[in-house]
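Please open the structure in your viewer and keep the selection panel at hand, since this tour goes from one selection to the next.

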Amino acid sequence: MSDQLVLYTHPMSRGRIARWMLEEVGQLYDVEVLDFASTMKAPAYLAINPMGKVPALCHGDAVVTETAAICAYLADAFPESRLAPPPGDRLRAPYYRWLFFAAGPIEAAISNKSLGFVVPAERERMMGYGSFARVMDVLEAAVSQSDYLVGDGFTAADLYVGYSIGFGLMFGSLDKRPAFERYWQRLTSRPAFQRAKALDDAKAAELKKKAG
Ligand SMILES: N[C@@H](CCC(=O)N[C@@H](CS)C(=O)NCC(=O)O)C(=O)O
């Protein structure tokens, strides 16, 4: 059985999160850069991710899509990288909690905010995230409690939640609260983040040059 890791991505996409995670686990991996309009919608890639979106990760014949799932999968597949509490450990509770909170409520709240959609107060009850303001307050409290979300070390939950914060700070879709800025600064000082960023920035520049 092949153990080859292949990341399908685009340098200006959530694929940056998956690449950062790959750099954190420290395994060799190949990268297939797809084009939004063509190869991402071609049958060969739709067979991997029928959503026609990136990122996707193949590990031998196993396929994982959804960025949060890719992070969780890699943390479990390479436990020596210590990016997740072991299965059965009570720290799996906050670990799952924050990973899923980011993939669900945070992602939806930020996307809707970017589109200018505000949940009417009487509808907050039926929205999984309630209101943008509530999500921001909960997130601020979570990243203010200690340096990391789970126990006393960095995990895939910090990586995924952190990127949502970093993305929001970069694109103005999240309040510039000092707790968010401190947390994001802490994460971006990690060598794996910097390696991943340099690789994706270089790939983005190459694509831009090619496009003229
Ligand atoms: N829920 C997916 C979202 C993936 C996603 O929306 N990717 C965007 C780039 S950030 C994409 O591939 N867009 C291309 C398209 O939809 O055509 C995840 O978390 O991985």
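## From a strand pair to the ligand

Begin by selecting L57, which stands opposite V64 in β4. The model in front of you is predicted, and it is worth keeping that in mind at each stop. Widen the selection to strand β3 (residues 56–59) and strand β4 (residues 62–65), which run antiparallel and are joined by four bridges. Next, pick G60, which takes a positive phi near 60° in the hairpin of β3 and β4, where two residues lie between the strands.

Now turn to the ligand, which sits in the largest pocket. To display what surrounds the ligand, select S13, R14, F36, M40, K41, K53, V54, P55, E66 and T67. If you colour this shell by class, you should find four nonpolar, two polar and four charged residues.

Which residues of the shell should be inspected atom by atom? Start with K53, where a polar side-chain atom lies 2.8 Å from an oxygen atom of the ligand. Move on to V54, whose contribution comes from the backbone: one of its backbone N or O atoms lies 2.8 Å from a nitrogen atom of the ligand. Then select T67, which has an N or O atom in its side chain 2.7 Å from an oxygen atom of the ligand. Finally, show the surface of the ligand: on its own the ligand has 510 Å² of accessible area, and the protein covers 76% of that area.

Notes:
Residues are numbered from 1 along each chain as its sequence is written. This is a predicted model: local features need pLDDT of at least 70, side-chain atom pairs count only at pLDDT 80 or more; totals for chains, interfaces and linings use all residues. Side-chain values use heavy atoms; hydrogens and water are left out. A residue is near a molecule or strand if one of its heavy atoms lies within 4 Å of it. A polar contact is a pair of N or O atoms within 3.5 Å; within protein, one must be able to donate a hydrogen and the other to accept it, and residues adjacent in sequence count only if both atoms are side-chain atoms. Accessible areas come from the Shrake-Rupley method with a 1.4 Å probe; for residues, only the protein chains shown count as cover. On a 1 Å grid over the protein atoms alone, a cavity is a set of points where a 1.4 Å probe fits but cannot get out, and a pocket is an open set with protein on both sides within 12 Å along at least five of seven lines; lining residues have an atom within 4 Å of a point. A molecule sits in a cavity or pocket if more than half of its atoms lie within 2 Å of its grid points. Ala, Val, Leu, Ile, Met, Phe, Trp, Tyr, Cys and Pro count as nonpolar, Asp, Glu, Lys and Arg as charged, and the others, Gly among them, as polar. Two strands pair if DSSP finds at least two bridges between them.
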